[in-house]
Amino acid sequence: PNTAVNKLRQGVDFIYEQYDNVSILFSNIDDFDNLTSHLTPTQVVTFLNEIFSKFDSLTDEHHVYKVETIGDVYLICSGCPEEYWRNDHAAILSVVALDMVEAIQEIDSKEKISVRVGIHTGAVIAGVSIFYSFLFLFLYV
């Protein structure tokens, strides 16, 4: 987030802010290990790129913040950081979740692909640490 970048430029090593009312969406590919067990590493990356490119388009379309991807996990939020504030953060992430379910069905695959999605709404502490490398994290409060 831009606010974190500005603080890091000022020499701050760890930045955190509490947000009282935001929504966070967690998603992952259902049965990912079995779906990809027969694929080469290059095919796995290509598979994830196809899915996450669709998800990235949805985050842009709905103006929500992509926090990160880890393996097959895709994490986004709405309501923070400041440039992504909106009163309807829970509602918009619900729309994004439904769009993700629809988008995953468009993937051309021999096997059925589905996505699991969960949404947290409430208070969080968001932080950025540069101890070893940049890390943006959320803690529920």
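**Nonpolar cores, aromatic pairs and salt bridges in the predicted model**

Within the largest nonpolar core, which has 24 residues, those that touch the most other members are Ile29, Ile51, Phe55, Ile76, Met100, Ile104 and Ile113; a nonpolar core is here a set of buried Ala, Val, Leu, Ile, Met, Phe, Trp, Tyr and Cys residues joined through side-chain atoms within 4.5 Å, where buried stands for under 20% relative accessible area, exposed for over 50% and partly exposed for values in between (1.4 Å probe, protein chains only). At least two residues of this core come from each of β1, α2, α3, β3 and α4 (89-104). A second core, separate from this one, has 11 residues and includes Val22, Ile24, Val67 and Val124. In soluble globular proteins, nonpolar side chains tend to be buried together.

The structure is a predicted model, in which local features need pLDDT of at least 70 and side-chain atom pairs count only at pLDDT 80 or more, whereas totals for chains, interfaces and linings use all residues. Residues are numbered from 1 along each chain as its sequence is written, and side-chain values use heavy atoms, with hydrogens and water left out.

The protein chain contains four helices and five strands, arranged along the sequence in the pattern α-β-α-α-β-β-α-β-β; helices (H or I, at least four residues) and strands (E, at least two) are DSSP runs numbered from the N terminus. Of the 141 residues in the protein chain, 41% are buried. The area exposed by the protein chain is about 8,300 Å², of which carbon and sulfur atoms supply 53%; accessible areas come from the Shrake-Rupley method with a 1.4 Å probe, and for residues only the protein chains shown count as cover. When contacts (heavy atoms within 4.5 Å) are restricted to residues at least 6 apart in sequence, 64% of them join residues at least 24 apart.

Two residues of strand β1 and its surroundings illustrate such contacts. Ile29, with residues up to four places away in sequence not counted, touches Leu35, Ile51, Asp72, Ile104, Ile113, Ser114 and Arg116. Ser27, which lies in strand β1, counts as buried because its relative accessibility is 3%; under the exclusion of residues up to four places away in sequence, Ser27 touches Phe55, Asp72, Val73, Tyr74, Met100, Val115, Arg116 and Val117.

Four aromatic pairs are present in the structure. The ring centres of Phe52 and Phe55 are 6.2 Å apart and the ring planes stand at 45°, so this pair is tilted; rings of Phe, Tyr and Trp (its six-membered ring) pair if their centres lie within 6.5 Å, with planes under 30 degrees apart counted as stacked, over 60 as edge-to-face and the rest as tilted. Phe52 and Phe55 are both found in helix α3 (residues 41-62), three residues apart, or about one turn of the helix, and both are buried. The pair of Phe52 and Tyr74 is likewise described as tilted, because the ring centres lie 5.3 Å apart with the planes at 35°. This pair links distant parts of the chain, with Phe52 in helix α3 and Tyr74 in strand β3 (residues 73-78), 22 residues apart, and both Phe52 and Tyr74 are buried. Together, Phe52, Phe55 and Tyr74 form one aromatic cluster.

The structure also holds four salt bridges, each defined by a side-chain nitrogen of Lys or Arg within 4 Å of a carboxyl oxygen of Asp or Glu. One of them joins the side chains of Arg116 and Asp30 (3.3 Å, N to O); since Arg116 lies in strand β4 and Asp30 in the loop between β1 (14-29) and α2 (32-36), the pair ties together parts that are 86 residues apart in sequence. Arg116 is partly exposed, at a relative accessible area of 44%, and Asp30 is partly exposed at 30%. Another salt bridge is formed by the side chains of Asp56 and Lys66 (3.0 Å, N to O); Asp56 lies in helix α3 and Lys66 in strand β2 (residues 65-70), so parts 10 residues apart in sequence are tied together. Asp56 is partly exposed, with a relative accessible area of 25%, as is Lys66 at 31%. Asp88 and Arg86 form a salt bridge in which the closest N and O atoms are 2.6 Å apart.

On the surface, Val101, Val117 and Ile119 make up a nonpolar patch with about 180 Å² of accessible area together; patches consist of residues with over 30% relative accessible area and no salt bridge, like charges being joined within 9 Å and nonpolar side chains (Val, Leu, Ile, Met, Phe, Trp, Tyr) within 5 Å. Val117 is placed in strand β4 (residues 115-129) and counts as partly exposed, its relative accessibility being 31%.
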